[in-house]
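Colleague: I should like to go through the charged contacts here and ask on what grounds each label is given. Please set each value against its cut-off.

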Amino acid sequence: MKHDSNLRLLASLQLTLALLSAGLCAWHVHATRVLNRQAFALAQSAHNRRAYELLLGASIEYAGKNPAIQPALRAVGVTITTNPAAHSPKR
């Protein structure tokens, strides 16, 4: 009968390790999904920020050609400064 109790001990140990392994795998899959969602949100935020900066730059450039847009830019908090030295040719 001693042989039978060793088999039960080994079987219960194997079952415990299998459950522990399955739990760790499930936790890893969950953590990977969370990190992927966070990475996607961060990349999307960086993309939106870059698009905003490009749109703002184009709007400011257009405001130099068409001053009628300047009140709309001021309404959203954009200040436009003209720098005459920037437009003068370099010698």
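Modeller: Please bear in mind that this is a predicted model. A search of the whole structure finds four salt bridges.

Colleague: Why is the contact between aspartate 4 and arginine 8 called a salt bridge?

Modeller: The N to O distance between their side chains is 3.9 Å. The cut-off is within 4 Å, so the pair qualifies. Both residues lie in helix α1 (residues 2-65), four residues apart, which is about one turn of the helix.

Colleague: Why is arginine 8 called exposed?

Modeller: Arginine 8 has a relative accessibility of 60%. Exposed requires over 50%, so arginine 8 counts as exposed.

Colleague: What makes aspartate 4 partly exposed?

Modeller: The relative accessibility of aspartate 4 is 34%. Buried means under 20% and exposed over 50%, so aspartate 4 falls in between and counts as partly exposed.

Colleague: What places glutamate 61 and lysine 65 about one helical turn apart?

Modeller: They are four residues apart in helix α1, and therefore separated by about one helical turn. Their side chains also meet in a salt bridge, at 4.0 Å from N to O. With a relative accessible area of 52%, glutamate 61 is exposed, and lysine 65 is exposed at 65%.

Colleague: Which residues are joined into one network by salt bridges that share partners?

Modeller: Arg49, Arg50 and Glu53 form that network. Within helix α1, glutamate 53 and arginine 50 are three residues apart, and their side chains meet at 4.0 Å, N to O. Glutamate 53 is partly exposed at 36% relative accessibility, and arginine 50 is partly exposed at 49%.

Terms used: Residues are numbered from 1 along each chain as its sequence is written. This is a predicted model: local features need pLDDT of at least 70, side-chain atom pairs count only at pLDDT 80 or more; totals for chains, interfaces and linings use all residues. Side-chain values use heavy atoms; hydrogens and water are left out. Helices (H or I, at least four residues) and strands (E, at least two) are DSSP runs, numbered from the N terminus. Buried means under 20% relative accessible area, exposed over 50%, partly exposed in between (1.4 Å probe, protein chains only).
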